[in-house]
Structures are given as C-alpha cells and as structure tokens.
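Biologist: Before I trust any labels, I want to see what stands behind them. Can we go through them one by one?

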Amino acid sequence: MNSGRIFGMALLGAVLVTATIGAARAADPPLKVGLLEDVSGDLAFMGMPKLHGSQLAVEEINKSGGILGRQIELIHLDPQGDNARYQEFGRRLLNRDKVDVLIGGITSASREALRPIVDRTSTPYFYTNQYEGGVCDASMVSMGAVPEQQFSTLIPWMVQKFGKKVYVIAADYNFGQISAEWNRKIMKDLGGEVVGEEFIPLGVSQFAQTIQNIQKAKPDWLLTINVGAAQDSFFEQAAAANLNLPMGSSIKVMLGFEHKRFKPPALNNMHATANWFEEIDTPEANDFKKRWHAKFPDELYINDMGYNAYNALYMYKALVEKAKSTKLEDMRKVIATGDACIDAPEGKVCIDPKSQHTSHRMRLISVGPKHEVTVEKDYGTIQPYWLGEIGCDLTKKNDKDQYTPSHLPSKS
Amino acid sequence: MSAELFSVFYQFADVFAFLILSAAGLAIVFGMMGVINMAHGEFIMCGAYVTVGLVNLGVPLPIAQILAALTAGIIGMVVELLIVRRFYKRPLDSLLATWGLSLIVTQSMLLIVGSAVRGIGTPEGSFAIGGYTFSTYRLVLFGCAVAVLAGLYVIFMKMRFGVIARATMQNAAMAKALGARTGRIYSISFGIGTALAGLCGALYAPTMTLIPTMGATFVVESFVTVVIGGANVLLGTAPAAVFLAMIRMALNASYGQIIGQIGMLFAVILIIRVLPEGLSSVLVRRGR
C-alpha cells in the first residue's frame, strides 16, 4: 500500500519534471516558415521539388540546432496553381498563422498576386524562382536568376553560334510577355532580327499551326519560353514534324527537366543558361544531390527552383543570425552591408543590396541528341546588376514596383 | 502553291481530328444520354496513361492504344453501374458526382503515379512539301477521327443495338415495355462513350506531356463541340467540328493561337444564342 503510494508520487514527479523541461523548450517557440508551393494542379511536377528542397533544408537546419537556437516549423499550403488561392493562403499565413517569413510562388502571376499582400505586412518574402526580373520591392528577396544573368548571356551566344534571326514562342502572361520584351531589347542591341513572336494561352497543347508559322518565317533559332505541361507538348510535336531548329530558353532543362520527361531526341539542340542543373559535377553539388536523393529517392530531377528553395532557407538563416533578429528591417540592414552571403552548392552567392536579388554562378548548357547535358561555357559569378543601373536602390527608397525595359523608374 | 494548299488542309485536319476525337465520347455520354460527365477528361487521361504504361512494358503502340481504349470502356461501365446509374433523372446531380469523381481521380493519380511521367515519343515519320515538313502521325490522327465517325454511324444507325439504344434514350419506359433491356443499353452506351474518350487519350499520348490533369486540355473543346452540335450525335458533332475547325484554323494561321481560341469560343456563343438546340436541330429539320 505504502510503497505503491511512493511509487505513484515518484511517477508524478517524473511527469512533472518532464513537463517542466518541455515548458523550458516551449519558451523558445519555433520559427514559423510559411511556404506556398503547388504540389497539385498543372505545375505540380515543378512545385514538388520546391517543397522537397524546403523540407530538406528545414530538416538539416533543425538537426544542426535551428536558427538562433530556435527550431523551424514549416507550414506548407498547396495553392494548386490558382492565383486567388495564393492570395487567400498568403493572407492566412501572414495574418492568422503570423509566420516569420513567407517563401514560395511558382509563376510570376502568382508572385505578383502575392506581393501587394506581403507589402501590407512587415514580413519578409522570398521568391525562389528564376524570373523575368525587375521587381524592386523591399519586402522581397529574389533567390533565382534574372534576365541579365540568363538572357544577356544566352542570346548573344545563340546569335553568334546560330544566326541573327529568332522566332519566339512564349506563354501569354507576364513572364512570357516581359521575357519576350527582354529578347527584343537584346536582339536590337546585337543587330539581330525577331522574325516572329507567338504568345500562347496557358493550357494550349496543339502546335501544328505554330510549327508551320515557324517554318514560314525561317528563323535561325527559336526562343522557347512556353510554360506548363500542356505547352511543353510543343517539343514532341516539333520533333515529330522534323522542325530541327536550335532552341534557347531561360526555363527549359534545368527548370522543367523536359529532357527527362520527353523521349530523346525531342529536346536535342536546346540551350539554356542556369545557376543550377542536376548535371553540375562539382564536389559540393554532388554532396547536395546525394543528400537530396537519400531523402527523396523517387525524385525525377532536382530542378533549379527546388535548389533555390533549398538555398532560400539557408539564406534566411544567415540573415537572421547576422541580424540577431527576425525583423525585416534588421535583416535588411544586413543586406545593405553587402555581406549577405551563403556557400551554396553552386558556390558563394550574395544578395545585392540595391535590388535584393542574388548573384549567381552561371553556366551555359546544351542538350544533345541522347538528351545528355554538356556545359558549353562557364560565365563565373554574375551580379544582378540591371535594377541597380536603372535606379532602383532599396537601401534608399522602396519602389514596390516591377520594372521592364519599357517601364523604367521615373527620373526624380 | 500546292504546298500552301496542302498546309491549309493539314492544319484543318489537325484541328478537326482534335475536336472529333476529344468530343466523340462525350457526344454519346452527354449528347445522347444527357449525363454531364465532368470526368470526361479523366477517361482521356486514363487512356493516355494506360497506353504509356503498356508501351513501357514492351507492348507495340497500336495494340497498347486499343487496350487502353478498352480499359477506359470497362472502367466507364463500372462507373456507370456504381455512380452514374443513380443520376439519370437528376442531370445536375450527375454533374456534381462526376466532378467529384474527376477530382478524386486526378489527385489519386498524382499521389500514386507522381506528378509527371516520361513520354514515349511520337512514332517516327515526317514528310516535306515545299518548304514545310509535316508529321505523318498527325495524319494518322485525322484518319482515326474519320474512322471514329464512320464507326459511330454504323453502330447507331445501322446496327440493331444502335436503334434500340436511340429508342432507349428517347423514351426509356416505352423501350422497356417493348422488351429492351434498358439497364444494359445504358451501361454499354456509357462504356462506348468512355472507351472513345480513352481512345482519344491513347492517340494523343505520344504527342503530349503526361500529367494527371492533362484531361483538362481536352475538356473545353469537347464540351463546346458537343453543345453546338446538339442532340444528334452524328448530324451534330461532325458538322460542329468542321465548323469550329475552320474558324480556329483560319484565325490561328492569321492571328495566332490567342485570337484562334477567343474566336472559336466567340463563335460558340453566337451559335448557342442563335441556335439553342445546336447545329443538328437545323440539319435534322432540313433532312425531314
């Protein structure tokens, strides 16, 4: 009887002690990371690696002690490729869950849907895709490559190698339209000619007419900035019709891994400039790929979005630890020093203080007839210089605008 | 000049084949039976995935395509038995039920098969006329579309089954009183409809990217074709496809894909406004 009571007391004590330890830990609440990535819907095949990259980074960071000693809690919602849902879920994460940082968005349309909502808060937002560039917004840090890193390298190379006439196939929304504008500007500077431009509604999957329009215009090469699984059918149909033209792109291969999804030789003679592609063969990259595939053995391809999403969390960690704060203004003070850098699998990348975009080591890659990827040229590290040159300086003024070659900041 | 002429025919044939193949199954299920099948695209997706799966197992492409169509047909009959049968008198509820089915199927495919499957490549073969090169397989698709129309004509106009089926759709109680096994007729008709959807997916599988939501690419065109075609499968769907294909081809060629799509949908609105019963109402009246 008595001994039983003692045992009971001991048990109660043990429970209390454990509870106290638990409470001590709870005093350091986890950092909430809100993640919006499509893992269903038309872009799921691109969004899945983004979710995986974020999960891998969170797991690694948590294992090694978290950020400033705090664990990361990843709250992922799936907007299913619907811009209205991006806004709804964005509000939910920012206002209800009160996340410390928001990450994500696939299309430029979803980013632009999200940005005004983020701007009304003081939460930092990381966009992790390569894109058409030009966003000058203090709330946003861009982790992907931009036109001065992708088009200013690729287009001159294509012109020199294949000729001055280009035909453009672009998805009909802000990404495709603004990318095409970049192409027009760079081609004009090079003395080249855009012999045709076709904007294609998302979801269109039949390209017989487009293929014929291309043959009629007789270009030297194609710029393919078509987006999504339906529009990707272009490659298969062009190969079947024996179109046989060199192609260049800022999103093919490293982002959409079309060379893994289509049967060779549909992607033969495709060229792209990328800061990441799975075929990168350096010790750091190989180590990263090994960790990724150990956690996600079924991954078809580690695309650049997924890779950038992984880096975004490490960049966030670096900023918070240098600022010793999770507040956007403190983090931006670190960015303003120009010393916001991490050692990424591609090499050292840093955030540019003026535009809050990321420097990248860019390589030009080519796809061969068996869909083998070879590196044609290594450009070294390229800064995201364009926004700074045209007058965006976030250390002085928050424009909250997106600039393009035809929409430049007004001189004041 | 002959190259230009052929290219116009080729473009027309290409759009026509796409409209007919994506709409043929729906013409039976929706046009004849009155079931608003929101899972039509998922039967197309089923045909595509089965084809690719079988080809990867080493089955020759044409056989894989036939087996895929049969699979979609059998699954369709099961779906009819378990779900659709309960909604013949409640068309709006059938819309909701099949839409739910479509969501469940796409999401399950995403979870089971993954977000993308490697394609199998279009069968080799292209030919050149003038400065243009064309894919032979696109002409095969056109041939298949014509064959599907001919097959439907034979089944529903010449065969005993077709006559009974049409009678059942018009007046099930009377047909039953005359000894038709209407339950079986419904089941087989639905099966033919979904088999044709599966065939569409099977035929387009080599030319497209396979993702679980791929059916959506076909759904707008198929509904539009059936709706402006009207109730009569043969007298409606074929002329509707010819009409829409001409508009779309002409606009695509001169103004690009955006205007092509807008123009086609605009024509659809006009036709529904002027001929609410669809093209077949005019053609049938003339025929009498």
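Modeller: We take the sheets of chain A, then its helices, then the contact with chain B and the core. Keep in mind that this is a predicted model.

Biologist: What makes β14(A) and β15(A) a pair?

Modeller: Pairing takes at least two bridges. Strand β14 (residues 360-367) and strand β15 (residues 373-382) of chain A have eight, in the antiparallel sense. They therefore count as paired. One bridge joins A:Arg363 to A:Asp378 in β15(A). A:Val367 stands opposite A:Val373.

Biologist: What lies between β14(A) and β15(A) in the hairpin?

Modeller: Five residues. A:His371 sits in that turn, with a positive phi of about 65°.

Biologist: How do you know that β4(A) and β6(A) pair?

Modeller: By the same test, at least two bridges. Strand β4 (residues 125-127) of chain A is joined to β6(A) by three bridges, so the pair passes. The two run parallel. A:Tyr127 has A:Ser142 as its bridge partner in β6(A).

Biologist: Which sheet holds β4(A) and β6(A)?

Modeller: An open sheet of five strands, ordered β2-β1-β3-β4-β6 in chain A, with parallel pairing.

Biologist: Why are β2(A) and β6(A) called edge strands?

Modeller: Because β2 (72-77) and β6 (140-142) of chain A each pair on one side only. From one strand to the next, the twist averages 25°.

Biologist: What is the strand order of the seven-stranded sheet, and which strands are its edges?

Modeller: In chain A the order is β8-β7-β9-β10-β11-β14-β15, and the pairing is mixed. This sheet is open too. Its edges are β8 and β15 of chain A, since each pairs on one side only. Neighbouring strands are turned by 20° against each other on average, direction ignored.

Biologist: Which strands does α2(A) lie across?

Modeller: β1 (31-36), β2 and β3 (101-104) of chain A. The helix runs at about 165° to β2(A). Angles run from 0 to 180 degrees between N-to-C directions, so α2(A) and β2(A) point in nearly opposite directions.

Biologist: Why is the crossing of α3(A) and α4(A) called right-handed?

Modeller: The near helix is turned clockwise from the far one by less than a right angle, so the crossing gets that name. The axes of helix α3 (residues 83-96) and helix α4 (residues 108-119) of chain A cross at roughly 35° and come within 9 Å. Among the contact residues are A:Tyr86 and A:Leu94 of α3(A), and A:Leu114 and A:Ile117 of α4(A). The contact divides into seven nonpolar, four polar and one charged.

Biologist: How many residues does each chain give to the contact of A with B?

Modeller: Chain A gives 37 and chain B gives 35. On the side of chain A, α8(A) has the largest share, seven residues. That side divides into 16 nonpolar, twelve polar and nine charged.

Biologist: Which residues touch the most other members of the largest nonpolar core?

Modeller: B:Phe16, B:Ile20, B:Leu21, B:Ala48 and B:Leu210, in a core of 210 residues. Helix α1 (residues 2-32) of chain B supplies the largest share, 17 residues.

Biologist: What makes B:Ile20 a core residue?

Modeller: Core members must be buried, with 20 or more other C-beta atoms within 10 Å. B:Ile20 is a member, so B:Ile20 is buried. Leaving out residues up to four places away in sequence, B:Ile20 touches B:Ala145, B:Val148, B:Leu149 and B:Ala241.

Terms used: Residues numbered from 1 in each chain as written. Chains lettered and ligands numbered in written order. Predicted model: local features only at pLDDT ≥ 70, side-chain atom pairs only at ≥ 80, totals over all residues. Helix = DSSP H or I, 4+ residues; strand = E, 2+ residues; numbered from the N terminus. Contact = placed C-beta atoms within 7 Å. Nonpolar A, V, L, I, M, F, W, Y, C, P; charged D, E, K, R; others polar. Core = buried A, V, L, I, M, F, W, Y, C linked by C-beta atoms within 7 Å. Buried ≥ 20, exposed ≤ 12 C-beta atoms within 10 Å, placed from the backbone.
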